[in-house]
Amino acid sequence: MRAARRVIDPVFLDTPLYRCEALEPALGCAVSVKLETANPVRSFKARGTEVIANRLAGENWSAGEGAYENGPRAVVCASAGNLGQALAWSGRRRGLDVTVVAARRATPAKLDSIRALGARLELVDGDHEAARERAAAIARYDGIRLVEDSLDIETCEGAATIGLELLPSREPLHPPHPPHQPYPSHPSPPFDAVLLALGGGALATGVGHVMKDLAPHIEVVCVQPLGAPALTRSWHRRRIVTTDATDTIADGVAGRYPIPAVLDDLLLVADDAVLVREASIVAAMRLLLDHAGLVVEPSAALGVAALLEDRDRFAGRHVVTVLCGGNVDMTAYRRWTGAG
């Protein structure tokens, strides 16, 4: 994870992290926000695609395993929008041929951005799961790298760098101390819980791993929409639970088929997984706009939505939430929030 920071373009690193006191009267607790919208693709996804593209392009990699063997400089992914934009951006910088498969009903602004970044965009009928199947078929037929968000370790490593930035004074994950030598002491972070949007799982497992390794007292709470509950239900039942459909405005986290390996990781690092109502997601988006001047997509508002729904649980505490994306169709955003 620390090696990943050395290959990620600095434009995606060290995003703003600050206590947002204007939110606190409405939420009943101290709140800090990590602003992952403040970069060229307006989401955290490029942290992972930078690692993937760096390996595929054969650039310097020092994680101990070396670069991938030389192969086709081409890659394909399925995306609801943010991963596709990020992969297109990272691939363009390194001369990779990028194909993105998305559902035809995906957010138009995200699709337009993928095209503008030079990726080949293929639209399919159905939802994100149909896009995943088509992307896998393209990879098999063309013999190119398939990027599977949250399953490919690079996407989790990239997301984990967010956790390292939340705990900048902590020890490395595997520090080179001699045996039995005590670690230097550091002041505890100011927050005692981190709220993470839960979709495919890269953000939750990546950041969660860092928290549990470096600051295990911090509660890791994953948040998913009630209309897309598959991974949350899987976490609670400790087995894969799928759903027939999704019904949420938070398109970035609207998966139906959790990945078994991701659930295994999530069970190790998450302290809780909660579901929030659509009305709470909209209220959270409006709160972030009115009190913090921040336009975020629905997935990024999930942490604040959880605070709105369970004020008693977090009362008197200091929590941090990662605002993971800001790619939103403004027509829909105005309709949801009533913004002028």
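In the predicted model, the lining of the second largest pocket is made up of 10 nonpolar, 6 polar and 5 charged residues. This pocket has a volume of about 440 Å³. It is lined by 21 residues, and those closest to its centre are Arg-105, Ala-106, Thr-107, Thr-248 and Asp-251.

The largest pocket holds about 630 Å³ of space. Its lining consists of 42 residues, of which His-128, Asp-149, Gly-199, Gly-200 and Gly-252 are the closest to the centre. Two or more lining residues come from each of helix H4 (82-93), helix H6 (128-142), strand E6 (145-147), helix H8 (202-214) and helix H9 (230-237). The largest share, 4 residues, is contributed by H6. By residue class, the lining of the largest pocket contains 19 nonpolar, 14 polar and 9 charged residues.

Thr-155 is part of helix H7, which spans residues 153-166. The relative accessible area of Thr-155 is 5%, and the residue is therefore classed as buried, the cut-off being under 20%. Apart from residues up to four places away in sequence, Thr-155 is in contact with Gly-48, Ile-52, Glu-148, Asp-149, Ser-150 and Ala-202.

Strand pairing was examined next. Strand E4 (residues 97-103) and strand E5 (residues 120-124) run parallel and are joined by 5 bridges. Within this pair, Val-100 has Leu-121 of E5 as its bridge partner. Together with helix H5 (residues 108-116), E4 and E5 form a β-α-β unit that is right-handed.

Strand E7 covers residues 193-197, and 5 of its 5 residues are buried. In a regular strand, side chains alternate between the two faces of the sheet. In E7, Ala-193, Leu-195 and Ala-197 point one way, while Val-194 and Leu-196 point the other way; all of these residues are buried.

E7 pairs with strand E8 (residues 219-225) in the parallel sense, over 5 bridges. In this pairing, Cys-222 of E8 is the bridge partner of Leu-196. The chain passes from E7 through H8 to E8 in a right-handed β-α-β crossover. Helix H8 is also one of the elements that give two or more residues to the lining of the largest pocket. E7 is further joined to strand E10 (residues 318-323) by 3 bridges, and these two strands run parallel. Here Leu-195 of E7 stands opposite Thr-321 in E10.

Definitions and conventions
Residues numbered from 1 in each chain as written. Predicted model: local features only at pLDDT ≥ 70, side-chain atom pairs only at ≥ 80, totals over all residues. Heavy atoms only, no water. 1 Å grid on protein atoms, 1.4 Å probe; cavity = no way out; pocket = protein on both sides within 12 Å on 5 of 7 lines; lining within 4 Å. Points joined across faces, edges and corners; volume = space filled by probe spheres on them. Nonpolar A, V, L, I, M, F, W, Y, C, P; charged D, E, K, R; others polar. Buried < 20%, exposed > 50% of the residue type's maximum accessible area, 1.4 Å probe, protein only. Contact = heavy atoms within 4.5 Å. Pairing = 2+ DSSP bridges. Right-handed = clockwise from strand over helix to strand, strands pointing away.
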